[in-house]
Amino acid sequence: MLEALLDQFRRGDRQAFSRLLTLASNGEIPQQVLDQALSSPKRSKVVAVTGSGGVGKSTLIGKLIPLIRKENQTVGILACDPRSPLTGGALLGDRFRMVSSTSLSNPTEDDGVFIRSLAAAPGHGAVAANLAPMIRLFDAFGFDLVIIETVGAGQGDTAVRDLADVVVLLLQPETGDELQWEKAGLLEVTDIVVIHKGDLPGAEETETQVRDVLALSEGKSAKVLRVSSKSGHGVEALWQAIKSVQRAGTVMTPVPNGV
Amino acid sequence: MDNRQSIRIVLAKVGLDGHDRGIKVVARALRDAGMEVIYAGLWQTPEAVVRTVADEDADWLGLSLLSGAHLTLVPRVLELLRQAKLNQVGVLVGGIIPEEDIPKLTHMGVARVFGPGTSMAEIVSFLRDRAQQSGAVHA
């Protein structure tokens, strides 16, 4: 059955692609099968969008979709929401927000947009399991861009760094004091920091604090942008910033253990 | 790794109908029953709903209609599902559906119509029974 699906997939069958995503998500496609079947080199740019719950990740992605499509780029989105630790159930609502916040009449009917909602179990670093083979499939199907939306993520959820070429961290006004931004974790692995809800009072102060802290870091530091999905201000600048981050090359060398 | 295969269901409202309290209660109940609920929300076109079901590789589609347009919109969705060769996807309808229209909908291919007063347990056990009958969630 897998062979037949892969055949259809190679012929550009969107539903075979969809089915394969499910199998990959369930960990049912062995890595060597994927490697053999999909020989194409990596060309999709992978963008992770992360930040705490309610900060506006889905809404902002909804705002980015028309800009991506305007340049005739295609985009696949892996939208993670939490799975219940008690029942295993999940309410996957990111798609709804993306679709409602976008200015496209209906991105769902656009062949250049593919949204897959995923349930992420607790303790997986705020992303669903098996994202790597899924990204591989998006790549082989020809998507220019893959956006991973994490579960509402806190300070320590840095796992997306390994999967993405570009990490975008969303913060919002009135969160934390100066010391907050000195802490290790997410801010360290970020390429672009978005002060979202930039139309709200306090946005400027948060932006200043984050800029001050990042100015102290050695080497390349993250870009800081103030963005408002409500007014649309800064969305275009964010898209330009995402495009300007070089693929993969930005990944930092991990610190060896025991140093 | 979590390889659990939960029942995946898309819940959507089609057409011009702003009543989403009921569908949200159902969404919550199915979530609490361990299912993966993709909430597609209000004002969806039949085309968008079918594309959502395809891209999400869902097992079920639950449509909520309180607008009276069920005999126009539901057959349209069913036809598009057939055209997309998504015959394996079960369709549920909920909302305000007059008694006499229920057989019409089931005749068209709707698996079940759940009207006002349906208990959440009834919907959950219906879906679980069907999943068991088919042997696996994903055959």
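Let's start with burial in chain A: buried residues make up 45% of its 259 residues. Please keep in mind that everything I show today comes from a predicted model. Chain A holds eight helices and eight strands. If we take contacts in chain A between residues at least 6 apart in sequence, 76% of them join residues at least 24 apart.

How is chain A divided up? The domain assignment gives domain 1, residues 1-39, and domain 2, residues 41-244. Their C-alpha centres lie 26 Å apart. Where the two domains touch, 10 residues of domain 1 of chain A are in contact with 11 residues of domain 2 of chain A. On the domain 1 side, the elements giving two or more residues are helix H2, residues 14-25, and helix H3, residues 31-37, of chain A. H2(A) supplies the largest share of that side, five residues. By type, that side of domain 1 has seven nonpolar residues, three polar ones and no charged ones.

Now let's bring in the second chain. The contact between the chains takes 30 residues from chain B and 29 residues from chain A. On the chain B side, two or more residues come from each of helix H1 (21-32), strand E2 (36-44) and helix H2 (46-56) of chain B. Which of these gives the most? That is H2(B), with seven residues. The chain B side divides into 11 nonpolar, eight polar and 11 charged residues.

Here is a part I'd like you to find on the screen: a sheet that includes strands from both chains. Six strands form an open sheet with parallel pairing, in the order E3(A)-E2(B)-E1(B)-E3(B)-E4(B)-E5(B). The edge strands are E3 of chain A and strand E5 (112-114) of chain B, each of which pairs on one side only. On average, and ignoring direction, neighbouring strands of this sheet are turned by 25 degrees against each other.

Let's walk across it, starting from chain A. Strand E3 of chain A, residues 90-92, pairs with E2(B) in the parallel sense over three bridges. To see where the chains join, look for Leu91(A), whose bridge partner in E2(B) is Val37(B). One step further, strand E1 of chain B, residues 8-14, pairs with E2(B) over six bridges, again in the parallel sense. Ala12(B) is a handy marker there, standing opposite Gly41(B) in E2(B).

E1(B) also pairs with E3(B), in the parallel sense and over five bridges. In that pairing, Lys13(B) stands opposite Ser64(B) in E3(B). E3(B) and E4(B) run parallel as well, joined by six bridges, and Gly62(B) stands opposite Leu92(B) in E4(B).

Let's pause on E3(B). Is this strand buried or exposed? Six of its six residues are buried, so E3(B) is largely enclosed by the rest of the structure. In a regular strand the side chains alternate between the two faces of the sheet. In E3(B), Trp60(B), Gly62(B) and Ser64(B) point one way, while Leu61(B), Leu63(B) and Leu65(B) point the other way, and all are buried.

What about helices against this sheet? Helix H5 of chain A, residues 94-101, lies across E3 of chain A together with E2 of chain B, and runs at about 25 degrees to E2(B). H1(B) packs on the sheet too, touching E3 of chain A together with E1, E2, strand E3 (60-65) and strand E4 (90-95) of chain B. The direction of H1(B) makes about 175 degrees with that of E1(B).

Last topic: the nonpolar core. The largest one has 117 residues, and those touching the most other members are Val47(A), Ile148(A), Val168(A), Leu11(B), Val37(B) and Val93(B). Helix H6 of chain A, residues 131-141, gives the most to this core, with seven residues. Domain 1 (1-39) and domain 2 (41-244) of chain A each provide at least three residues to it.

Let's finish with Leu11(B), one of those core residues. What does Leu11(B) contact, leaving aside its neighbours within four places in sequence? The list is Ile23(B), Val26(B), Ala27(B), Val37(B), Tyr39(B), Ala40(B) and Gly62(B). You have already met two of these: Val37(B) as the bridge partner of Leu91(A), and Gly62(B) standing opposite Leu92(B). Thanks for listening!

How values were computed: Residues numbered from 1 in each chain as written. Chains lettered and ligands numbered in written order. Predicted model: local features only at pLDDT ≥ 70, side-chain atom pairs only at ≥ 80, totals over all residues. Domains from an automatic or database assignment. Contact = placed C-beta atoms within 7 Å. Helix = DSSP H or I, 4+ residues; strand = E, 2+ residues; numbered from the N terminus. Nonpolar A, V, L, I, M, F, W, Y, C, P; charged D, E, K, R; others polar. Pairing = 2+ DSSP bridges. Axes fitted to C-alpha atoms, helices over the stretch in contact; angles between N-to-C directions. Core = buried A, V, L, I, M, F, W, Y, C linked by C-beta atoms within 7 Å. Buried ≥ 20, exposed ≤ 12 C-beta atoms within 10 Å, placed from the backbone.
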